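Visitor: I have this model open in my viewer and would love a close look at one part of it. Could you take me to the place where the two domains meet, and then on to the cores and the backbone around it?

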Amino acid sequence: MAYGTKEREFLKNELNGIKNDGIFKEERIICAPQNSEIDVVFPTGTDEKKVINMCANNYLGLSSHPDVIEAARKGLDHRGYGMSSVRFICGTQDIHKELENKLTKFLGTEDTILFPSCMDANAGVFEAFMNEKDVMIADRLVHASIVDGMRLAKAMTDTYKHSNMDHLEKKLILHKDKRLKLIITDGAFSMDGDLAKLDKIVELAEKYNALVFVDDSHSSGFIGKTGRGTHEHFDVVGKIDIITTTLGKALGGASGGCVSGRKEIVEMCRQKARPYLFSNSIAPVIVAASNKVIDIVTETTERRDKLEENTKFWRKGLTEAGFIIKDGETPIVPVMLFNAKLSQDFAKDLYSEGIYAIGFFFPVVAKGQARIRTQLSAAHDMVHLEKALAAFIKIGEKYEILHKTKEEIIEKYGS
Ligand SMILES: *Cc1c(COP(=O)(O)O)cnc(C)c1O
């Protein structure tokens, strides 16, 4: 037997190493639809507990919206369950094309191609239209899926310091003789909740003849006045050459992603992007529901407006209570605790108070930058946020970190 004692021991040791490093991930189990309140159990078998969910990417509260569920049901009735094919063989239905067209309109681009996920979109897009003659210049904090996509492409790779426009300009000058120069960034960065400086990036791109790529997974549907994304927020709609985004966060939260942008680039993806060519079509149920989601976010800004109100209330409440939060305007609100153990203890106490939020620490964030990341949703009502805020304050008092400076917290707990 090839998988014998030796092999098993080797892998057990690897896993123990992860445990000893304190970075072993254990998944909680939700026994309810995704929503502002969920029933959660731990795998170790705790009793089911109702908690307020502060850590979902369900920004618009559409994950369990009755109209979306109804649209999914209809999709199931009219277009069946599975495609059993990739897009280019026999996996494209009218509703797939409809969704691509709707996304193009919503994002204000030239064309759109669906992928099984945004991870797949990012894995496929660079390789599809760039090669050794080209260069990819990425912000140092881009999402892991972009890092992987860049690794798969043959174009030269370079990076610039996070949101540092001087550094980006230096790199553009350095690579001025490359055929295609692609600036690569997230729209909203998921750990700090800050936005890329897209207006400045577009300016530099125009000055140095570079293309711009934005992954708007944490923005599509709610950033910008009508929720189109960071390009709307910075008034550069039509100037972003490639937008990738996910249907797995604000836009219904099921799964699927896309590349949207210049039509020749999208066509190159249809011809050559490997996750598009070699992975199954998005299921009709999801496509039908996503069509409904795009209708909802196109017809009304009600949900993104509520999310904005919730975000303002939450940021103001935490700040006035004396917490240190990362400044910004996105519904990703990191509450800074600096110390890894404190972030874990704090999250545990929150959970006891019925608030579900996760403590992040190295290597997910930089050393000494441990935090609780909270995420707002249009599904949150004031009662949820008031209860959550009261819990944060109670636990903040317990650990004596309110109205303290970063230095004072680090002096007390270490970093
Ligand atoms: C979540 C996320 C992805 C992955 O999206 P999936 O559709 O779940 O694969 C990609 N990029 C960014 C920036 C993300 O936040």
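Guide: Happy to; here is a walk from the domains to the pockets, then to the cores and a few single residues.

Please keep in mind that this is a predicted model. The domain assignment divides the chain into domain 1 (23-53 + 301-413) and domain 2 (66-299). Taken over C-alpha atoms, the centres of the two domains are separated by 29 Å. Where they touch, 16 residues of domain 1 are in contact with 17 residues of domain 2.

Let us start with the open space. The largest pocket holds about 1300 Å³. Its lining is made up of 34 residues, and those closest to the centre are Lys25, Glu26, Arg28, Ile358 and Gly359. Three elements give two or more residues each to this lining: α14 (340-352), β12 (355-356) and β13 (358-360). Helix α14 provides the largest share, with six residues. By residue type, the lining of the largest pocket has 17 nonpolar, nine polar and eight charged members. Where does this pocket lie with respect to the two domains? Domain 1 and domain 2 both give residues to the lining of the largest pocket, so it lies between them.

The second largest pocket comes next, with about 370 Å³ of space. It is lined by 16 residues, and Leu141, Ser190, Met191, Val364 and Val365 are the closest to its centre. Nine of the lining residues of the second largest pocket are nonpolar, three are polar and four are charged. This pocket also lies between the domains, because domain 1 and domain 2 both give residues to its lining.

While you are there, have a look at the backbone at Pro363. A cis peptide bond joins Phe362 to Pro363, with omega about 10°. Pro363 is in the loop between β13 and β14 (370-375), and β13 is one of the elements that line the largest pocket. As background, most peptide bonds are trans, and most residues other than glycine have a negative phi.

Two residues in this model have a positive phi and are worth setting side by side. Phe338, in strand β11 (residues 332-338), has phi near 75°. Glu400, found in the loop between α15 (382-398) and α16 (406-413), has phi near 55°. Are these two buried or partly exposed? With a relative accessible area of 4%, Phe338 is under the 20% cut-off and so is buried. Glu400, at 47%, falls between 20% and 50%, so it counts as partly exposed.

Now to the packing. In soluble globular proteins, nonpolar side chains tend to be buried together. The largest nonpolar core here has 83 residues, and Trp314, Phe323, Phe346 and Phe392 have the most contacts inside it. Helix α12 (residues 284-299) gives the most to this core, eight residues. Both domains take part, with at least three residues of the core drawn from each of domain 1 and domain 2. A second, separate core has 26 residues, including Phe115, Met130, Val142 and Ala153.

Phe392 is a good residue to zoom in on. It is found in helix α15, and at 0% relative accessibility it counts as buried. Beyond its neighbours up to four places away in sequence, Phe392 touches Trp314, Leu318, Phe323, Val335, Phe346, Leu350, Ile355, Ile372 and Thr374. Phe346 has its own set of contacts, again leaving aside neighbours within four places in sequence: Phe323, Leu337, Ile372, Phe392, Ile395, Gly396, Tyr399 and Ile401. For a sense of distance, the C-alpha atoms of Phe392 and His175 are separated by 48 Å, and the two residues are 217 residues apart along the chain.

To finish, move over to Ala205 in helix α8 (residues 198-208). At 6% relative accessibility, Ala205 counts as buried. Leaving aside neighbours within four places in sequence, Ala205 is in contact with Ile183, Ala210 and Val212. Thr374, one of the residues that Phe392 touches, is 169 residues from Ala205 along the chain, and 33 Å separate their C-alpha atoms.

Methods: Residues numbered from 1 in each chain as written. Predicted model: local features only at pLDDT ≥ 70, side-chain atom pairs only at ≥ 80, totals over all residues. Heavy atoms only, no water. Core = buried A, V, L, I, M, F, W, Y, C linked by side-chain atoms within 4.5 Å. Buried < 20%, exposed > 50% of the residue type's maximum accessible area, 1.4 Å probe, protein only. Helix = DSSP H or I, 4+ residues; strand = E, 2+ residues; numbered from the N terminus. Domains from an automatic or database assignment. Contact = heavy atoms within 4.5 Å. 1 Å grid on protein atoms, 1.4 Å probe; cavity = no way out; pocket = protein on both sides within 12 Å on 5 of 7 lines; lining within 4 Å. Points joined across faces, edges and corners; volume = space filled by probe spheres on them. Nonpolar A, V, L, I, M, F, W, Y, C, P; charged D, E, K, R; others polar.
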